[in-house]
Amino acid sequence: MKIRKSYDSKMAEGDLTAMIDMVFQLIIFFMVLINFSQDDQNDKIKLPSSELAKPPEAPLTFPIVLHLDSNAAIYMGTNVVTVDSIAPLLRTEIDLLKSRNQKASDANIIIRGHQGTPGGVVQDLIKKCEDLGFEKFALRVREEQP
Amino acid sequence: MKFESKRGNEKAELQLTSMIDVIFLLLIFFVMTFKIAAQEGDFSVKMPLQGSGGNPDTTNIPIKLRLRANADGELTDIVVNESLSYGNDWAKLRGYILELTGGNAPPTPEEGPEVEIDLDYNLRYEHVIRAVTAVTGQRQGDEIKRLVERIKFAPPRKPQ
């Protein structure tokens, strides 16, 4: 006996609404959290941690980010320099500040130092910046989970 | 004159295939570029130029912190004001700061006692940050109690 199929030959269609909803939710989640800023990123730097670390309440004025790795190499933007050869790059920043009617003392130097870097190198770097007229420094650290 | 629609009563169907392709591409992009980063914070250090003033320490509590290191850059001794030695016990150092400041936060970040940190050149930076953490405040639950806001560094001790 031949049994006839009760459904016709149309292609079976799944209901995609729930899946699309879900995928959109995921895209929105990742889009909101993505951070394209390269200033704050450097894989070579492992920051020291501190229980007192808290993100600043207001963004720092004219931040200049210096990444200092364990071999005392300084990453500033796309340039890699040492403490002795950083002055020209900082002078460029000073010229930029002047073009905006500001002084070196208005800028904030953010030092992202590797935890194993000799402390004396950080002191040298601060001294070098100080000689060029910078006054405000921020030592960036990672939040320590209690 | 009445025009008759050629279309029947068929339900209009959207072609979703290409849209789903693009959405999945976007999703894969965001998943691959997503990076969980730990929260970061800053310690402020202000080094006013010599002769340009800055706020003098009016609290009469001079704090000079000397950090000594061994050849490997590990901390061996914490000396306060060239007289008190705390070994490598940060809790004792914080206790001393609490005693000096009376546990009171400075009225403004520009006021209050100033700590000058003098360290051996090869001391690992993480110990410097521990020193800064010990003197600047303490965490009480979710609150951070500030003790010292003004930190500065002594001139570097270049190796001979």
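In the hairpin that joins β3(B) to β4(B), 3 residues lie between the strands, and Asn81(B) takes a positive phi near 50 degrees. That turn is a good place to start looking around this predicted model. From there we can visit the neighbouring strands of chain B, then its helices, and finally chain A and the contact between the two chains.

**Hairpins in chain B**

- The two strands of that first hairpin, β3(B) (residues 75-80) and β4(B) (residues 84-85), pair in the antiparallel sense over 2 bridges.
- If you look for a matched pair here, Val79(B) has Ser85(B) in β4(B) as its bridge partner.
- On its other side in the sequence, β3(B) pairs with β2(B) (residues 63-69), again in the antiparallel sense, over 5 bridges.
- Leu65(B) finds its bridge partner, Val80(B), in β3(B).
- β2(B) and β3(B) also form a hairpin, with 5 residues between them.
- Which residue in the turn of this hairpin has a positive phi? Gly73(B) does, at about 85 degrees.

**Two faces of one strand**

- In a regular strand, side chains alternate between the two faces of the sheet.
- Strand β1(B) gives you a chance to see two such faces: Gly41(B), Phe43(B) and Val45(B) make up the covered face.
- The uncovered face of β1(B) holds Glu40(B), Asp42(B), Ser44(B) and Lys46(B).

**Helices of chain B**

- Helix α1(B) runs over residues 17-33, and there is a neat check you can do on its length: at 1.5 Å a residue, its 17 residues should span 24 Å, and the end C-alpha atoms are 25 Å apart, which agrees.
- How many of the 17 residues of α1(B) are buried? The count is 0, so this helix is hardly covered.
- Helices α2(B) (residues 90-101) and α3(B) (residues 125-136) pack at an angle of about 35 degrees, and their axes are 8 Å apart.
- The crossing of these two helices, α2(B) and α3(B), is right-handed.
- Where they meet, α2(B) brings Trp90(B), Leu93(B), Arg94(B) and Ile97(B), while α3(B) brings Arg130(B), Ala134(B) and Val135(B).
- Sorted by class, this contact has 5 nonpolar residues, 2 charged ones and no polar ones.

**Chain A at a glance**

- Chain A has 3 helices and 6 strands.
- Following the sequence, you will meet them in the pattern α-β-β-β-β-α-β-α-β.
- Of the 146 residues of chain A, 27% count as buried.
- What share of the contacts in chain A between residues at least 6 apart in sequence joins residues at least 24 apart? The share is 78%.

**Where the chains touch**

- The contact between the chains takes 41 residues from chain A and 39 residues from chain B.
- On the chain A side, α1 (17-33), α3 (119-131) and β6 (136-143) each supply at least two residues.
- That side of chain A has 22 nonpolar, 9 polar and 10 charged residues.
- Strands pair across the contact too: β6(A) and β1(B) (residues 40-46) run in the antiparallel sense over 7 bridges.
- To trace this pairing, find Lys136(A), which stands opposite Lys46(B) in β1(B).
- Then look for Ala138(A), which stands opposite Ser44(B) in β1(B).

Conventions. Residues numbered from 1 in each chain as written. Chains lettered and ligands numbered in written order. Predicted model: local features only at pLDDT ≥ 70, side-chain atom pairs only at ≥ 80, totals over all residues. Helix = DSSP H or I, 4+ residues; strand = E, 2+ residues; numbered from the N terminus. Expected span 1.5 Å × (residues − 1). Buried ≥ 20, exposed ≤ 12 C-beta atoms within 10 Å, placed from the backbone. Contact = placed C-beta atoms within 7 Å. Nonpolar A, V, L, I, M, F, W, Y, C, P; charged D, E, K, R; others polar. Pairing = 2+ DSSP bridges. Axes fitted to C-alpha atoms, helices over the stretch in contact; angles between N-to-C directions. Left-handed = near helix turned anticlockwise from the far one by under 90°.
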